[in-house]
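Open the structure in your viewer and keep the selection panel at hand. The tour moves from pockets to surface to a charged pair.

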Amino acid sequence: MNELTLKMIAAGLLFGTWPLIMNRSGLTGMTSLVVISVVVLLFVVPIAFSIGVVTTGANWWLAILSGCLATLGMLAFTSSLAKAPTGSVG
């Protein structure tokens with residue numbers, strides 16, 4: 001298996017696992033989204049700057065639109081996740 005395949009397998013496992021754990025935290029949808037956002041920010045910023053952030057040729061309007069859509073999707077997802085019974089989260 002090559003590196004890309006391993007990264008995709010890891011992403012699938014991690015994206016499938018975090019909602020199960022977050023559901024058991026007992027946090028509301030908005031609170032869990034704040035926790036996720038802060039933790040992601042604390043992890044991503046140092047890694048991004050150590051690797052090097054490249055913005056040359058970026059279409060910022062599409063990047064901002066993508067971020068807004070992802071935010072709305074995460075708000076809908078985490079609010080549903082907070083209300084879902086533990087047995088039906090998966």
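What volume does the second largest pocket have? About 220 Å³. Keep in mind that this is a predicted model.

**Stop 1: the second largest pocket**

Select Leu33, Ala63, Gly67, Ala70, Thr71 and Met74, which line this pocket. Then colour helix α3, residues 60-83. Helix α3 supplies five residues, the largest share of the lining. Now colour by class. Four lining residues are nonpolar and two are polar. None is charged.

**Stop 2: the largest pocket**

Move to the largest pocket, with a volume of about 360 Å³. Its lining is Phe15, Trp18, Met22, Val35, Ile36, Val39, Val40, Phe43 and Val44. Which elements give two or more residues to this lining? They are α1 (3-25) and α2 (29-51). The largest share comes from α2, with six residues. Colour by class again. The lining of the largest pocket has nine nonpolar residues. Polar and charged residues are absent from it.

**Stop 3: the nonpolar patch**

Switch to a surface view. Select Leu27, Met30, Val34, Val35, Val38, Val39, Val40, Leu42, Phe43, Val44, Ile47 and Ile51. These residues form a nonpolar patch on the surface. Together they have about 1100 Å² of accessible area.

Zoom in on valine 39. It sits in helix α2. You have met this residue before, since Val39 is one of the residues lining the largest pocket. Is valine 39 buried, partly exposed or exposed? Its relative accessible area is 39%, so it counts as partly exposed. Patch residues need over 30% relative accessible area, so valine 39 with its 39% clears that cut-off.

**Stop 4: the salt bridge**

Side chains of opposite charge can pair when their charged atoms come close. How many salt bridges does the model contain? The count comes to one. Select lysine 7 and glutamate 3, and show their side chains as sticks. Draw the N to O distance: 3.2 Å. The cut-off for a salt bridge is 4 Å, so this pair at 3.2 Å qualifies.

Why are the two residues about one helical turn apart? Because lysine 7 and glutamate 3 are four residues apart in helix α1.

Finish with the accessibility of both partners. Lysine 7 is exposed, because its relative accessible area is 52% and the cut-off for exposed is over 50%. Glutamate 3 also counts as exposed, at 56% relative accessibility.

Methods
Residues are numbered from 1 along each chain as its sequence is written. This is a predicted model: local features need pLDDT of at least 70, side-chain atom pairs count only at pLDDT 80 or more; totals for chains, interfaces and linings use all residues. Side-chain values use heavy atoms; hydrogens and water are left out. On a 1 Å grid over the protein atoms alone, a cavity is a set of points where a 1.4 Å probe fits but cannot get out, and a pocket is an open set with protein on both sides within 12 Å along at least five of seven lines; lining residues have an atom within 4 Å of a point. Grid points are joined across faces, edges and corners, and a volume is the space filled by probe spheres set on the points. Ala, Val, Leu, Ile, Met, Phe, Trp, Tyr, Cys and Pro count as nonpolar, Asp, Glu, Lys and Arg as charged, and the others, Gly among them, as polar. Patches are made of residues with over 30% relative accessible area and no salt bridge: like charges are joined within 9 Å, nonpolar side chains (Val, Leu, Ile, Met, Phe, Trp, Tyr) within 5 Å. Accessible areas come from the Shrake-Rupley method with a 1.4 Å probe; for residues, only the protein chains shown count as cover. Buried means under 20% relative accessible area, exposed over 50%, partly exposed in between (1.4 Å probe, protein chains only).
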